[in-house]
Amino acid sequence: MIFSIVVVSALAILNDGKEVEQMQPLVLLSNKLPLFIEINGYFNKQGWFIRNITDPKDIEKLVDKEGIAGLLWDFSTTDINQTLKILKSLRSKISGPIIILAPAKEKKRRSLFYNINIDSFITKPFEYPELVAKVKQLFWVYDKFSISKESPHVSNQARKKETVKYNDIVIDFKHYRVTHNGYDLGLTPKEFSLFWYLVQHRGKVMSRDQLLEGVWGYDAAGSSRTVDIHISHLRDKLDEKSKSKNCIKTVRGFGYVLDNKYPLVSEK
């Protein structure tokens with residue numbers, strides 16, 4: 001069931017209400033009509049309209065058919081197992097923020113959501129202006145470091161190819177995902193950018209500062225731990241299904257290097 005079918009682009013939020021092409025909806029999953037009315041009211045004041053969906057299966061269909069800009073998920077609508085299963089599947093398909101709205105008693109479970117790369121876990125009661133500000137900030141982050149925009153993370157030459165194969169791993173630029181034998185490894189947008197950056201510089205030792213500047217786009221002195229955490233997550237996902245285990249080597253005291261023994265194969 002859908003309460004509202006008004007669609008607004010996430011980028012419209014970032015551009016002071018200016019219309020942009022190929023708009024995608026910002027979706028709220030909830031069967032609580034009062035919650036939808038409150039959230040939609042506050043977002044309306046910012047020039048945004050929310051599409052409200054009550055059935056998680058409808059979200060999966062919408063994501064596969066049209067794509068969505070971002071997702072607000074009312075945890076009181078679904079049980080924990082269903083929620084984690086669906087969100088884990090959706091994470092690699094949604095290139096914008098996913099925010100959980102949960103009862104305070106569920107706070108102890110928030111690590112389960114961060115482990116599947118959910119952006120934020122907000123407990124009730126919360127201030128609606130703060131929720132609007134949080135969504136706005138997350139869209140700013142995704143817009144600034146988007147892998148789908150022209151950036152040094154994905155070269156123009158690569159964009160002309162739909163896929164690039166590295167050993168038994170396929171980098172899919174059309175859907176911005178990394179697969180092994182058709183299995184989506186579930187890389188987040190930042191992990192995708194990091195892996196492609198390493199592939200572009202395979203065989204070359206990259207310092208943490210170089211990776212921060214090349215992937216995150218800024219010189220973040222003292223934030224090398226960010227790189228280490230993302231490398232760890234990336235290794236786990238590559239090792240789980242791929243034969244390219246241990247392809248990312250640690251160079252102690254300096255940084256990381258991607259194994260250069262596999263040639264790249266580009267395909268249309």
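The paragraphs below walk through this predicted model, from the whole chain down to single residues.

Let us begin with the chain as a whole. Its 268 residues are 47% buried, and its secondary structure comprises 10 helices and 13 strands. Among contacts with a separation of 6 or more, 62% are between residues 24 or more positions apart. The accessible surface of the chain is about 14,100 Å², and carbon and sulfur atoms hold 48% of that area.

A good place to start looking is the open sheet of 5 strands. Reading across it, the order is β2-β1-β3-β4-β5, and the pairing is parallel. At the edges you will find β2 (51-53) and β5 (120-124), each of which pairs on one side only. Neighbouring strands in this sheet are turned against each other by 20° on average, direction ignored. Strands of a sheet pair through backbone hydrogen bonds, in either a parallel or an antiparallel way. In this sheet, β1 and β2 run parallel and are joined by 3 bridges; V27 has R51 in β2 as its bridge partner. Now look for helix α4 (residues 80-91), which lies across β3 (70-74) and β4 (98-103) and runs at about 175° to β3.

Next, follow the chain out of β1 to K32. This lysine sits in the loop between β1 (26-29) and α2 (33-44). Is K32 buried, exposed or partly exposed? Its relative accessibility is 33%, and because this value falls between the 20% and 50% cut-offs, K32 counts as partly exposed. Beyond its neighbours within four places in sequence, K32 is in contact with D74 and S76. The side chains of K32 and S76 are joined by a polar contact of 3.4 Å. These two residues are 44 residues apart along the chain, while their C-alpha atoms are separated by 9.0 Å.

Staying with the parallel sheet, its edge strand β5 has two backbone details on either side that deserve a look. Before it comes N117, in the loop between α5 (110-114) and β5. N117 has a phi near 70°, a positive value in a residue other than glycine. With a relative accessible area of 19%, N117 is buried, because buried means under 20%. After β5, a cis peptide bond joins K124 and P125, with omega at about -5°. P125 itself belongs to the loop between β5 and α6 (128-144).

Let us turn to the nonpolar interior. In soluble globular proteins, nonpolar side chains tend to be buried together. Which residues touch the most other members of the largest nonpolar core? They are I171, F195 and I248, in a core of 28 residues. At least two residues of this core come from each of β6 (163-166), β7 (169-172), α8 (189-200), α9 (208-216), α10 (224-241) and β12 (255-258). Helix α8 supplies the largest share, 7 residues. A second, separate core has 23 residues, including V27, I53, I86 and I94.

For a closer view of the largest core, center on I171. Apart from neighbours within four places in sequence, the contacts of I171 include T163, V164, V178, F192, F195, W196 and V199. E162 and R177 are also among its contacts. Between β6 and β7, the loop holds N167, whose phi near 55° is another positive value in a residue other than glycine. N167 has a relative accessible area of 25% and is partly exposed.

The last stop is β12, a strand with antiparallel partners. Strand β11 (residues 248-251) runs antiparallel to β12, and 4 bridges join them. Within this pair, V251 has G255 as its bridge partner in β12. The hairpin of β11 and β12 has 3 residues between the strands, and there G253 takes a positive phi near 80°. Strand β10 (residues 206-207) also runs antiparallel to β12, joined by 2 bridges, with M206 bridging to Y256 in β12. This brings the tour back to the largest core, since β12 is one of the elements that each supply at least two residues to it.

Conventions
Residues numbered from 1 in each chain as written. Heavy atoms only, no water. Buried < 20%, exposed > 50% of the residue type's maximum accessible area, 1.4 Å probe, protein only. Contact = heavy atoms within 4.5 Å. Areas by Shrake-Rupley, 256 points an atom, 1.4 Å probe, with all protein chains shown as cover. Polar contact = N/O pair within 3.5 Å; in protein donor to acceptor, adjacent residues only side chain to side chain. Core = buried A, V, L, I, M, F, W, Y, C linked by side-chain atoms within 4.5 Å. Pairing = 2+ DSSP bridges. Axes fitted to C-alpha atoms, helices over the stretch in contact; angles between N-to-C directions.
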